[in-house]
Structure formats: C-alpha cells, structure tokens
Protein chains: 2
Amino acid sequence: MKFQYCMPTRIFSGEHCLAENGAALKHLGTKALIVTGARSAKANGSLDDALKALAANGQAYSIYDRVMSNPTIACAYEGASEARLNGCDFVLAIGGGSPMDAGKAMALLAAQEKPVPPSEIFTTAYERALPVAAVPTTAGTGSEVTQYAILTNDAAETKTSLANPLLFPRIAFLDAAYLRGLKKTVTVNTAVDALSHAVEGMLSVRASSVSDALAKESIALITTCIGASGLSDTSGETRWKLLCASTLAGMVIANTGTTAVHAMGYSLTYYKNIDHGKANGLLLARFLAFTERTRKERIAEILSCMHLKTVEEFARLLDGLLGKREKLSAAEIKHYAEKACKAANIANSLVRPEKDDLLEVLQSSLG
Amino acid sequence: MKFQYCMPTRIFSGEHCLAENGAALKHLGTKALIVTGARSAKANGSLDDALKALAANGQAYSIYDRVMSNPTIACAYEGASEARLNGCDFVLAIGGGSPMDAGKAMALLAAQEKPVPPSEIFTTAYERALPVAAVPTTAGTGSEVTQYAILTNDAAETKTSLANPLLFPRIAFLDAAYLRGLKKTVTVNTAVDALSHAVEGMLSVRASSVSDALAKESIALITTCIGASGLSDTSGETRWKLLCASTLAGMVIANTGTTAVHAMGYSLTYYKNIDHGKANGLLLARFLAFTERTRKERIAEILSCMHLKTVEEFARLLDGLLGKREKLSAAEIKHYAEKACKAANIANSLVRPEKDDLLEVLQSSLG
C-alpha cells in the first residue's frame, strides 16, 4: 500500500460549463495568454466561450494560435515571449494535447525571471509558473489534469516530458460539445491514447487503489463506446463518455506515469509521424502479452474491465479500431528499442522489459 | 455529465510514510499546532513519528491533546487560541475524525484577524486558514481528504459541518500501522462509516464518473475485508484495505456530499450518543430500500460491488457487523425525521425523501 497521489486541478464538467463557471478564472490573473492551434478552437466554439468568460470577468487577453501537432521547444519559447511582452499573467490553453502541453510549457517559461536556455528546458529546477486553465477539445491526452507538458525534443530525437507539479492546471473545463466536429480518425486515435493511459497506469509500479479505481472506470467507459463496427457511434453521449474517460486516464498517469509503451511510441511519432494515440495503440496488445507471461492476474483484471478473456481478443479489438498497421524495417526496430531502453518511463513498467523484450514487442507489432 | 470535482490534498501512503516523507511538512510553516485526542496518538506511535519529522525539519510545535469525541465548538476555539498564543502557523492533526475535524476548525479560526463569534462560526465567509496536514489513525472518516470539519452544534442540537475548500489538508499521511491497537467496535463502526460515505456518494445528485470510480473501489475493498464472521480479520493487509477504502470514500464525499442518511444519523449521535459510523450503518439498508423503489438500477450497481443481489442481503450483512440495534420511541422518531428534513445534505439525495419517507426509514430501522 505504498503510494503517492495528488491531482489538485479543479474540474468543471458539463455542457456550457465554461459559460456557467467562467468566474472561476477570475482568480488566475488579469490578462490571459490564450493558447490554441490554428483552427479548431475557432471552429468548435470553445474560443468564443472562453472570450465571453474573460470579458464577463473584465480580464484582458492575447491570443497565441500557432501551436502545431507535437509542439516544438521553439513554439514554447515563442509563446512564453509573447506572454511576457503582452503582460499576460495566466495561460488559458484550449485544444487537444498539443495546445494544452504547449500552453503549460509557456506558463513555465514565461514565469522565470532569468531566461532558461533551450538546452536546459528539461533539466531546470523550476520554482514558479503562471497559473494555467485548460479546455480540452479532444478526448485523449488528459493533459487538462496532469503536470506534464510533452515537447518534441530534436536534440534527443524524441518527445520529452516537462514534468512539474507547477504545471497542473488550476482549472479544467470539460465540455464535450467542443468534440462535435472531430474527424473519425482523431476520435479513434485519441480514444486509444486515453485507453493506453489507463491500461499503462494499471501496469505501472506506481499504481495504487486510487489510480486503479480511476483507470478501471476509464477503461470501462471507453469499452462501452466501442461497438461491433468499432468507434462508429459519435452521439453526444459517446463524446461525453470519451471525454470523461480521457480525464480519468489523465488523473491516472499524473500519478503512475506511463510505461514502456509510451517509451517506444515516441519513436513512432518522432521518426514516422504516426499519431501519438495510434502509436501507443499499435504497441499495446503485444506489451500486454509480454507482461502477461509474469503477471497473468493483472492482465486479467484489465481485460475484465473490457469484458474480454484473452489478450488476443484485445489485439483484435484494437486492430479493428486502428486499421492498417505501419511496417518498420529491422534497422528501425533495433533503433527504437535502443532508444526506448534509455527512456525514463521504462522504469515505471510493472514488468520491466529488457532490450530483447522491446525488440520482440516492436517486431510482433510492426515488423 | 454535469459535475464538479476537486481534491487537492497530496497523499503519502505506506508504512513509515511519515518518516520517509516528513520533509513535505517543511513548506507548511515554522511551528505546528499538533492536535490529537488524549491517548491514542501517543499509544500508536503516530505522535512520535510526527515529532521526529518536525524535529528533522527544524520545526517547532505546541501540542493540543484535549480533543473529545464529537468535538465541540468550544474545543475548536480553545485550540485556535492556543495556536495564536504560541505562534503556530500550521496544524498537524493526528487521530480519528474528531481530532482531524477539530484541527481543521482550529486552523480556520486561528487564521482570522478579526475574531469570529461562536454564533457565526458556521456562517462566516472565511478567506484564509492555516495550512493543515492530517494523519488518520482510524479508517472511517476520510477527513484527511475532505474540506469538512464537523462540530457538535448545541444551539441547533445536531452536528454541523464547516465546509470550505480552505480546509482540505495540504498533505495526508496514511500509515495503517497506527490502526493496530484499535478496539473491534471502533474498527467496525469506522469501516461502516467509510462504507456509508461511499454508498451515499453513489446516491448523491452530485455523483460523477470520477466519484463513482472512487466509490466503487472503496466499497469493493471494504467488502473483501468482511468474512463470514464479520470484520473479524485484523491482519495488516485488512488494516491497509480499510484505510485505503476510507480515504477513497473521503474523496467521494468531498465531491458528492453526504445524503439523508447522515442527516438522520446526526440525531442518533447527538441525542443517543450512538457512534457516528454505527448511526449511519443502522439507517443505510432501509434508505437503500427506499431509494430502490425508484432507482432500482443504481442500487443494483452498489450491490454488485459487494457481490450482493438484494437489499435484504445488504441489511443482513450490516446487522452482522453492527450487532444489537438501539430502539427509538415514536416521539424520538418524529423529532429526528423533522430535524433531518431541515438538514442541508437532504438535498444531495438522488431520490429526495419527504418527511414521511424519513419516518419510515427511521421506524423500520430503529422503531
């Protein structure tokens, strides 16, 4: 029963929750840096709702709307610089994982008196950050309730996590209406990301009764959204379930971290441009099979949340969701296994894989 | 999917967690008011561990060890006054629900510049409190992770809750070793209190996927501790499960509030001196039966966490735990039902009982 747990973000969930609870933003500051991607926050209504809430509070804002997928370190510095130039004292991040993670990194960098050199962004002992509020508009990352900001790290040729309790958003607003226009592939890949978070949380050495409770509910919710033809129902109720599940799974990884699956998945995204959620999904079943050899009962617990009996059934279900698998060369597999061996999150894995095990998971998943 | 969720307390759990993570107390202040009852914190080792942690941090302390069961408003004022006289800038509350609740109330009162008259203690809009750390030494209240401090309110002849987000402990240390010497009746009554919190959380209008996840895990954990002869196993593993379950249930009620069960239970404690946990337990089965008439599926969900099929089985299980039931007169039943009607937590009940319903629950439980 040795564990730690913390997740201090205040969550408001429900249709129009930003309109109804926007006053909660008042305490965060006088001027927001709104951080979004180029389009979706404008199209899905979330930006409008945010602007109305800020106006009602008498809060000013600047908009930084140039966050790309898999945001770069340069993007984080650019946004932080805009925050300082414009006198923003809090960040309102709206979007999928990319704008939320970028916004959190900007909140950290903008609050430093002494500039942090980009080469030290992941190693600096930060002591302050601007407060952050987050509005997810996809259901996958869980970034609205985590202390992580994951950036593309070209020096290390991977994605690297800024992890700091200062990065927990003070407030998260969950409104599934913003998910209405998502493309099918985005819905599927982000749902698989959330599933991966919840499953990996149960396969972490840092799992606890608290994280297990949240993970099981998350897995069960996602399962109810998957029909015979995959994730084809895109009703309002399904969107709510997926959004709730991704937040639950975010609460899980905030406390358990991710595992070898994410460690390997980052290479698939960095080198092959495979979407983050799909990258994890492609590896998940074979990693379950690897873990099952020594921890059969734990895998059974995960499968039972999905009303499944075997890892093979789990693999078929994910195959049905993800479609055609990318193929890797033997050299790529070797390279990615070697990189994953050095990743910090490998150490979270309940059954810690050696290089040969990673080779096998990668080979059987994508060889 | 309309809900709110917040539980900012940082939890450290595990044997010797206070010794291993005592440094986390450093940020709370320079001098602690240690709040305990007269005996148990000294006997179970928790006070010693706390003193060592404070010493290692170079933090001073005063001890207030006069908290009684069902602490009074006078007790809260006395402790707050000691905190101010001795220059304490944080509270370290150690014990069951009574010392933790009293310590939280003291932290609130001690932080006020302008004295709050006792008649306004429950109605004042507080804006500051001393930071609190909590060490539970029973497994029932969950006060280590809630924003509530429940005090005996003689003016209203009941127990009344001070509820304020400022009261969330900053840190909770969970070490089941401190539960080792608990009397059987205390173990049972506190476990039933935790069960009641989790079950009532599922019967609250404020329940959500997040609170449900935590409640179901709590109920399931408690169920695994109940054997054919009740809660007779007092192994280390059982103590851990019960402590974890009570913290999970605390996280639940921090977000859902309690329901009509607690509203009625307070009278049993105030007028008949029935232990708080037992008071709720005596009423729980009949309240489930009442709710089942209109929300059959919800009750089935609760029962399934316990591998039970009917409310009657639930009633028998609780009877086995609680033993002989107290009896109330018709006048008492009428009086308690009338009082409960006016309690704030009635409004949380998923199926809101009218006075006649409360009469029936009280009559069938204790008539």
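In chain A of this predicted model, the loop between strand E6 (148–153) and strand E7 (158–163) holds Glu157(A). The backbone of Glu157(A) has a positive phi of about 50°, although this residue is not a glycine. Glu157(A) counts as partly exposed because 13 other C-beta atoms lie within 10 Å.

A residue of chain B can be set beside it. Asn273(B) is found in the loop between helix H9 (260–272) and helix H10 (276–292) of chain B, and it has a positive phi of about 55° although it, too, is not a glycine. Asn273(B) has 11 C-beta neighbours inside 10 Å, and therefore it counts as exposed.

Another loop residue, Ser235(A), lies between H7 and H8 of chain A. Ser235(A) is exposed, because it has 9 other C-beta atoms within 10 Å. Although Ser235(A) and Cys225(A) are 10 residues apart along the chain, their C-alpha atoms are separated by 9.8 Å.

**The core and the strands of chain A**

Turning from the loops to the interior, the largest nonpolar core has 254 residues, and the members that touch the most others are Val91(A), Met106(A), Val91(B) and Met106(B). What does Val91(A) touch, not counting residues up to four places away in sequence? The residues in question are Ala32(A), Leu33(A), Val35(A), Gly103(A), Met106(A), Ala107(A), Leu130(A) and Val132(A), so that Met106(A), itself named among the core members that touch the most others, is one of the residues touched by Val91(A).

Strand E4 of chain A covers residues 90–95, and six of its six residues are buried. Phe90(A), Leu92(A) and Ile94(A) point one way from E4(A), while Val91(A), Ala93(A) and Gly95(A) point the other way, and all of these are buried.

E4(A) is paired with strand E2 (residues 31–35) of chain A through four bridges, and these two strands run parallel; in this pairing Leu33(A) stands opposite Val91(A). Leu33(A) is also included in the list of residues that Val91(A) touches. E4(A) is further joined by five bridges to strand E5 (residues 132–136) of chain A, again in a parallel arrangement, and here Leu92(A) stands opposite Ala133(A). Together, E4(A), helix H5 (residues 97–110) of chain A and E5(A) make a right-handed β-α-β unit.

**Where the two chains meet**

Between the chains, 24 residues of chain A are in contact with 24 residues of chain B. On the side of chain A that touches chain B, the elements that give two or more residues are strand E1 (3–13), helix H7 (209–225) and helix H8 (236–256) of chain A. The largest share, nine residues, comes from E1(A). Sorted by class, this side of chain A has 15 nonpolar, four polar and five charged residues.

E1(A) and strand E1 (residues 3–13) of chain B are joined by seven bridges and run antiparallel. Within chain B, four bridges join E1(B) to strand E8 (residues 171–174), and that pair runs parallel. The table gives residue pairs from these strand pairings and from those of E4(A).

| Residue | Partner | Strand of the partner |
|---|---|---|
| Ser13(A) | Phe3(B) | E1(B) |
| Tyr5(A) | Ile11(B) | E1(B) |
| Phe12(B) | Phe173(B) | E8(B) |
| Leu33(A) | Val91(A) | E4(A) |
| Leu92(A) | Ala133(A) | E5(A) |

**How the two copies are related**

Two copies of a chain are related by a rotation about an axis and a shift along it. Which rotation and which shift superpose chain A on chain B? The rotation is 180° and the shift along its axis is 0.0 Å, with an RMSD of 0.0 Å, which means that the relation is that of a two-fold axis. In chain A, the C-alpha nearest the axis belongs to Pro8(A) and lies 1.9 Å from it. The same surface serves both copies, since 100% of the contact residues of chain A recur in chain B.

Notes. Residues numbered from 1 in each chain as written. Chains lettered and ligands numbered in written order. Predicted model: local features only at pLDDT ≥ 70, side-chain atom pairs only at ≥ 80, totals over all residues. Core = buried A, V, L, I, M, F, W, Y, C linked by C-beta atoms within 7 Å. Buried ≥ 20, exposed ≤ 12 C-beta atoms within 10 Å, placed from the backbone. Contact = placed C-beta atoms within 7 Å. Pairing = 2+ DSSP bridges. Right-handed = clockwise from strand over helix to strand, strands pointing away. Nonpolar A, V, L, I, M, F, W, Y, C, P; charged D, E, K, R; others polar. Least-squares fit on C-alpha atoms with pLDDT ≥ 70 in both.
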